[in-house]
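Got the viewer open? Here is a short tour, one selection at a time.

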There are 2 protein chains.
Amino acid sequence: MRIKNIRERPISLSDPMSNAGISYLHMTASAVAIDIDAGEKGIVTGYGFSSVGRYAQSGLIAERFAPRLMACEELEGADGGLDPVRAWASMMTNEKAGGDGDRAGAIGVLDMALWDAAAKIEGMPLWQLLSERFNEQKYHKHVPVYATGGHYYPDGDVNALMEEVKGYLDQGFKTIKIKCGQNDIADDCARIEAALSLLDYDGSRLAVDVNCMCSTSRETQEMADAYSPFKLAWIEEPGHPHDFELLTALTKYYDGPIATGENLFSMSETYNLLSYGGLRSDRDLVQVDPALSYGIFEYTRIIALMEAGKWSRSQLVPHAGHLLAYHAVAGLQLGAHEIAARPDFLLGGLHDGVEIADGEGTLPQSSGIGFETHGKLWEVLKTV
Amino acid sequence: MRIKNIRERPISLSDPMSNAGISYLHMTASAVAIDIDAGEKGIVTGYGFSSVGRYAQSGLIAERFAPRLMACEELEGADGGLDPVRAWASMMTNEKAGGDGDRAGAIGVLDMALWDAAAKIEGMPLWQLLSERFNEQKYHKHVPVYATGGHYYPDGDVNALMEEVKGYLDQGFKTIKIKCGQNDIADDCARIEAALSLLDYDGSRLAVDVNCMCSTSRETQEMADAYSPFKLAWIEEPGHPHDFELLTALTKYYDGPIATGENLFSMSETYNLLSYGGLRSDRDLVQVDPALSYGIFEYTRIIALMEAGKWSRSQLVPHAGHLLAYHAVAGLQLGAHEIAARPDFLLGGLHDGVEIADGEGTLPQSSGIGFETHGKLWEVLKTV
C-alpha cells in the first residue's frame with residue numbers, strides 16, 4: 001500500500017452571499033486527489049474538498065504536507081487496510097504544537113482524501129468504515145439534518161429570505177438556520193419573525209447564526225433579550241471564538257442553547273472551550289468542523305475528550321455541511337448534520353439519491369465519501 | 001504612497017540542530033521585499049524575514065495576503081508617513097476570527113517589511129519609530145539580551161555544550177538559555193550542571209527550554225523537583241501551549257519563573273494564557289513572537305492588554321531573537337531580547353556594529369530594521 005501521487009487544485013467558491021463577518025466573493029477551496037497503489041485492488045483514487053470559509057490551502061499542501069505524506073512508508077493498519085491515522089502522524093512531523101489554523105485545513109483535506117480511498121478499498125461507504133473502526137459498528141440509520149441558508153445578499157430582503165426558507169421546507173427540512181447580526185437587532189428580529197411565520201412560529205425549528213457579532217457581554221445581553229421570546233433552537237457564535245469570558249457570561253444570562261466551535265481547529269482548542277467557555281453539556285452544541293480541523297483522527301479524539309467529561313457526542317454538530325461531515329454524523333452518531341441547502345451553491349446539498357424527509361436523511365450507499373455522486377462537486381473534482 | 005510590488009522567496013534554514021520537539025533539517029523561512037512608491041522620497045524597499053520554527057509562508061502570501069495588500073489604497077497615517085496598521089486591516093479582510101497559525105506568520109513577515117519601509121521613509125531606525133508612535137518616545141538605551149543555544153546535535157555531548165556556552169560568554173552575554181527535555185531528566189541535569197559550571201553556579205544566569213516535553217502534571221512536578229535546586233532564571237514551555245491546566249498546576253507547585261507563549265499567535269490567545277494559565281505577573285515571562293503573530297500592530301495590542309491587567313511590559317520577552325524583536329524590545333521597552341548566538345546560524349547574532357557587553361546590547365543606528373547591516377541575512381535578502 002503506497003501513495004503514487006497527490007494532486008491539488010484551488011477552486012473558486014465565489015458567491016454573492018455574506019454573513020456578519022465576511023463576504024464570499026473571493027472564497028476558495030482546495031480540491032485534492034490522491035492515487036493509492038492498493039496492491040491487488042489496483043490504483044484507488046481518494047478525493048478531498050475543503051470545507052467552506054477558510055480558503056484553499058494549495059501552498060501549505062505543496063510546501064509541507066504533500067511531500068511528507070509522499071514520504072510516509074507505512075500506510076497499512078493492523079487489519080491490512082489503509083489506515084489514514086498513520087499518514088496523519090507523518091504529516092505532523094516537525095510541526096510545533098499550537099497554531100491550529102490554516103495547516104489544520106490543509107491536513108484535513110488530505111486526510112479526507114485518504115479516508116475516501118480507505119473506504120473505497122474496503123468497498124463500503126465511509127460512514128460504515130467509521131462506524132466499524134471507531135463506533136462499535138453503531139450508526140444513525142436516519143441521519144438528523146438541518147438546512148442552513150438565510151445569508152445576506154446585495155439585493156436581498158425579508159421576502160427573499162422567506163422564499164429561501166420555503167424552498168428548504170419543500171426539500172423536506174424541519175429545522176432551518178439563518179444568518180443575523182449584519183445590521184441592527186431590529187433587523188435581526190424582522191428576519192427571525194419572517195422565518196418563524198413559515199415554521200408554525202415554533203422557535204425550536206429555527207437557529208440563528210450571528211457570526212461573532214458581539215464584542216461585549218452587554219451586546220450579548222441585548223441580543224439575548226431580543227431573541228429570548230422566540231425560544232430559538234440555538235444562537236450560534238455570539239462572539240470571538242477565543243472569548244470564553246463573553247461566552248461564559250452569556251450562558252449564565254441566557255437559558256436557551258448556544259452553539260459554537262466552528263472557528264476552533266483542534267482537540268486542545270476544544271478542550272479549552274469546554275473547560276473555560278461555560279457551555280452546558282445538557283443543551284449547548286460544539287461545531288468543530290472535521291474537514292478544517294486535521295480530519296477524522298483529530299475528530300475522534302475530540303469525541304473521546306467530550307465523552308471523558310460530562311458531554312455526549314449528540315452535542316457535536318459539525319460546521320458547514322460537508323459530505324465528509326455527513327459520514328461522520330452518520331457513522332459516529334453525532335447530533336445533527338448541517339446542510340448548505342441553497343441548490344446552486346457548489347457545496348450545497350447531499351449525494352444524489354440521498355433523500356430528506358421530516359428532517360432526516362437516508363444513508364448513501366456508494367463507496368467512500370461519494371463525491372462521485374454529488375453532481376456539481378464531481379464536475380469540479382473529476383478535473384483534478 | 002503606494003505599494004509597487006511584493007516579492008517573496010522561501011529560504012532554507014536547514015540546520016542539524018534539534019530540540020525536544022522538532023528537527024530543523026527541513027526548516028524554511030520567507031524572505032520578503034516590498035517596494036513602496038513614497039512620492040518625493042522615491043522608491044523605498046522594505047524587507048522582511050520570517051522568524052524561525054514555523055516555515056516559509058510562500059503559498060499563503062501569494063494566495064491571499066500579497067493580493068490584498070496590493071489592493072490597499074490608504075497607506076498614509078495622519079502624519080503623512082507610511083502607516084502599516086492600515087495595511088494590516090486590509091490583509092485581514094474576509095478572514096474569519098480564530099485559527100491563528102500559519103496566516104499569523106504570513107501577515108507578520110509582510111507587516112515587518114512595511115515597518116522596515118516606514119522607518120526608512122522617516123530616516124530612522126525602527127526602534128526609534130516604534131518609540132515615537134507607541135511609547136511616548138521612551139526606549140531602552142541599553143538593550144537587555146540573553147544568548148540562546150545549547151540545542152541537541154547528532155554528535156553533540158556535554159563537552160560540546162560547554163564549548164558552545166563558553167563562546168557565548170566570550171561574546172559578552174551574561175545569561176544563557178539551553179535546551180533540555182529530549183532525553184531523560186538525569187541527562188537534563190547533567191546539561192544544566194555543565195552549563196552552570198561556566199556561570200559561577202549562578203542559576204539566575206541560566207534558563208532552560210524543554211519545548212513542551214511534559215504531558216502530565218506529574219511530569220512537570222518531576223521536572224520541577226529535579227530543576228529546583230538550580231534556582232534557574234526560568235523554565236521555558238513546560239507543556240502543550242494550550243494546556244492551561246498543566247501550566248496552572250506547575251505555577252502552583254514551583255516557585256521559580258516560568259516562560260511560555262512562543263506557540264500562541266494573537267492577542268486573543270495571549271488573553272486566554274493570562275486568564276487561565278495561572279501565570280504570576282511578578283515573575284513569569286510571556287514570549288509571543290511579533291514576527292509570527294501578525295506583526296507589530298497586534299503586538300502593541302498585546303502590550304496594552306498586559307498593562308490593562310496586572311502585568312508589566314518587562315515580562316514580555318519575544319521568542320527567537322529576530323532583528324524585528326530587537327527593535328521591539330528596544331523601542332517598546334520590553335523585558336529582554338533573545339539572541340540566537342551560534343555564529344554560523346543564518347538568523348544568529350545582531351546587526352554588524354551592535355556591541356554586546358555585560359548582557360546588554362547597543363542601539364543600531366541604520367534606518368529601518370537594518371537587515372542590510374546583518375551580513376549573513378543580507379546575502380540572502382538582497383537576492384529577493
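## First stop: a sheet in chain B

Start by selecting B:Ile3 and look straight across: its partner is B:Ile36 in β2(B). You've landed on the pairing of β1 (residues 2–12) with β2, an antiparallel match in chain B held by 10 bridges. A word before going further: this is a predicted model. For chain A, the average pLDDT is 96, with 100% of the residues scoring at least 70. For the complex, the predictor reports an ipTM of 0.96 and a pTM of 0.97.

Next, color β2 of chain B, residues 28–37. Is this strand mostly covered or mostly open? Mostly covered, with 7 of its 10 residues buried.

Now move to the other neighbor, β3 (residues 43–49) of chain B, which pairs with β2(B) in the antiparallel sense through 7 bridges. Two pairs are worth clicking here. B:Val32 has B:Gly48 of β3(B) opposite, and B:Ala33 faces B:Tyr47 of β3(B). Then follow the chain around the turn: β2(B) and β3(B) make a hairpin with 5 residues between them. Pick B:Gly39 in that turn and check its phi, which is positive at about 65 degrees.

Show the three strands together and you have an open sheet in chain B, ordered β1-β2-β3 with antiparallel pairing. Its edges are β1 and β3 of chain B, each pairing on one side only. On average, neighboring strands here are turned by 15 degrees against each other, direction ignored.

## Helices across the sheet

Keep the sheet on screen and add α1 of chain B, residues 58–70. This helix lies across β1 and β2 of chain B, at about 170 degrees to β1(B). Then add α3 of chain B, residues 102–122. That one lies across β2 and β3 of chain B and runs at about 140 degrees to β3(B).

## Where the chains meet

Bring chain A back into view and select the contact between the chains: 36 residues come from chain A and 36 from chain B. Which helices of chain A each supply at least two residues to its side? They are α1 (58–70), α3 (102–122) and α9 (267–276). The largest share on that side, 6 residues, belongs to α1(A). Color the chain A side by class and you'll get 12 nonpolar, 15 polar and 9 charged residues.

## A helix pair in chain A

Now select α5 (residues 158–171) and α6 (residues 185–196) of chain A, whose axes come within 9 Å and cross at roughly 35 degrees. The crossing of α5(A) and α6(A) is right-handed. Show side chains for the contact: α5(A) brings A:Val158, A:Leu161, A:Met162 and A:Val165, and α6(A) answers with A:Ala190, A:Arg191, A:Ala194 and A:Ala195. By class that makes 7 nonpolar, no polar and 1 charged.

## Last stop: A:Cys72

Finish at A:Cys72, which sits in the loop between α1 and α2 (84–91) of chain A. Why does A:Cys72 count as partly exposed? Because A:Cys72 has 17 C-beta neighbors inside 10 Å, and a residue needs 20 or more to be buried, or 12 or fewer to be exposed. Setting aside neighbors within four places in sequence, A:Cys72 contacts A:Arg86, A:Ala87 and A:Ser90. For one last distance, draw a line from A:Cys72 to A:Val210: they are 138 residues apart in sequence and 42 Å apart, C-alpha to C-alpha.

Conventions. Residues are numbered from 1 along each chain as its sequence is written. Chains are lettered from A and ligands numbered from 1 in the order in which they are written. This is a predicted model: local features need pLDDT of at least 70, side-chain atom pairs count only at pLDDT 80 or more; totals for chains, interfaces and linings use all residues. Two residues are in contact if their C-beta atoms, placed from the backbone, lie within 7 Å. Helices (H or I, at least four residues) and strands (E, at least two) are DSSP runs, numbered from the N terminus. Ala, Val, Leu, Ile, Met, Phe, Trp, Tyr, Cys and Pro count as nonpolar, Asp, Glu, Lys and Arg as charged, and the others, Gly among them, as polar. Axes are lines fitted to C-alpha atoms, for helices over the stretch in contact, and angles run from 0 to 180 degrees between N-to-C directions. A crossing is left-handed if the near helix is turned anticlockwise from the far one by less than a right angle, and right-handed if clockwise. Two strands pair if DSSP finds at least two bridges between them. pLDDT is the predictor's confidence in each residue, from 0 to 100.
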